[in-house]
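Trainee: Before we go through this protein, could you show it to me, so that I can ask how each label is earned?

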Amino acid sequence: MAFLKLVTILSMLLIPLVLIPYSGFAQDPEEDEEYVLDNPQLLGLNVRSAAAGRFAVRKLRKGAHCNAGSNNNVCPGVSVNNGTGLLQCCKTHCRNILRDRNNCGGCGRKCSFGQLCCAGVCTNIAYNVDHCGKCNRKCPLGVRCEYGTCGYA
């Protein structure tokens with residue numbers, strides 16, 4: 001009888017973990033982010049467009065491999081996504097230092113728990129009226145940001 005109770009309790013605890021996909025727990029909102037270089041000619045990147053035969057805008061996926069000491073480094077402080085990002089080569093991977101929590105404002109600068117990297121500055125998004133719950137979400141004038149929600153309670 002005790003064995004049956006144990007199996008029942010364990011199944012009740014494990015079933016939700018199986019039904020909820022793992023990626024939902026730790027999914028990085030920028031995981032599939034793609035960077036569009038604002039001025040690829042500065043790097044001498046020659047990429048042809050399939051449609052027009054002209055030079056196309058160069059795209060890089062988040063975390064693209066780089067080599068900071070190399071002459072052909074693909075992310076040496078270049079502006080991306082219409083000036084909303086700035087790529088640096090951090091530990092052999094391209095990182096957007098304006099949004100990356102582990103490289104906020106520069107390589108290796110980690111934001112604390114409850115903070116996001118907003119424009120290269122670690123920001124507490126739970127109580128900031130200019131970044132309420134996420135970067136650049138502004139609360140209306142006179143409305144407080146509490147627990148990441150404008151006008152909570």
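Mentor: What follows sets computed values against the definitions behind the labels.

Trainee: What kind of model is this, and how are its residues numbered?

Mentor: This is a predicted model, in which local features need pLDDT of at least 70 and side-chain atom pairs count only at pLDDT 80 or more, while totals for chains, interfaces and linings use all residues. Residues are numbered from 1 along each chain as its sequence is written, and side-chain values use heavy atoms, with hydrogens and water left out.

Trainee: How many helices and strands does the protein chain have, and what makes a run of residues count as one?

Mentor: Helices (H or I, at least four residues) and strands (E, at least two) are DSSP runs, numbered from the N terminus. By that rule the protein chain has 2 helices and 9 strands, and their order from the N terminus is α-α-β-β-β-β-β-β-β-β-β.

Trainee: How do you know that strand 6 and strand 7 pair?

Mentor: Two strands pair if DSSP finds at least two bridges between them, and here 4 bridges join strand 6 (residues 115-118) to strand 7 (residues 121-124), so the pairing is established, with the strands running antiparallel. One of the partnerships is that of Q115 with N124 in strand 7. The two strands form a hairpin with 2 residues between them, and A119 in the turn has a positive phi of about 55°.

Trainee: Why are C104 and C117 called a disulfide?

Mentor: A disulfide is a pair of cysteine sulfur atoms within 2.5 Å; the sulfur atoms of C104 and C117 are 2.2 Å apart, so the pair qualifies. The pair links distant parts of the chain, with C104 in the loop between strand 5 (93-96) and strand 6, and C117 in strand 6, 13 residues apart. The torsion about their S-S bond is about 85°, and the disulfide is therefore right-handed. The structure holds 7 disulfides.

Trainee: What makes the disulfide of C118 and C135 left-handed, and which parts does this pair tie together?

Mentor: The torsion about the S-S bond of C118 and C135 is about -85°, so this disulfide is left-handed. C118 lies in strand 6 and C135 in the loop between strand 7 and strand 8, so the pair ties together parts that are 17 residues apart in sequence. Their sulfur atoms are 2.1 Å apart.

Trainee: Why is C118 called buried or exposed, and how does C135 count?

Mentor: Buried means under 20% relative accessible area, exposed over 50%, and partly exposed in between (1.4 Å probe, protein chains only). C118 has 5% relative accessibility and therefore counts as buried, whereas C135, at 23%, counts as partly exposed. Of the 153 residues of the protein chain, 24% count as buried.

Trainee: How do you know the handedness of the disulfide between C139 and C150, and how do its two cysteines count for accessibility?

Mentor: The sulfur atoms of C139 and C150 are 2.1 Å apart, and the torsion about their S-S bond is about -90°, so the disulfide is left-handed. C139 lies in the loop between strand 7 and strand 8 and C150 in strand 9 (residues 149-150), so the pair ties together parts that are 11 residues apart in sequence. C139 counts as buried because its relative accessibility is 11%, while C150, at 28%, counts as partly exposed.

Trainee: Where does R144 lie, and what makes a residue one that R144 touches?

Mentor: R144 lies in the loop between strand 7 and strand 8, and at 57% relative accessibility R144 counts as exposed. Contact means heavy atoms within 4.5 Å; not counting residues up to four places away in sequence, R144 touches V129, C139, T149, C150 and G151. The C-alpha atoms of R144 and D130, 14 residues apart along the chain, are separated by 10.0 Å.

Trainee: Why is D100 called buried or exposed, and which residues does D100 touch?

Mentor: D100 has a relative accessible area of 10%, so D100 is buried. D100 is placed in the loop between strand 5 and strand 6 and, not counting residues up to four places away in sequence, touches R95 and C117.
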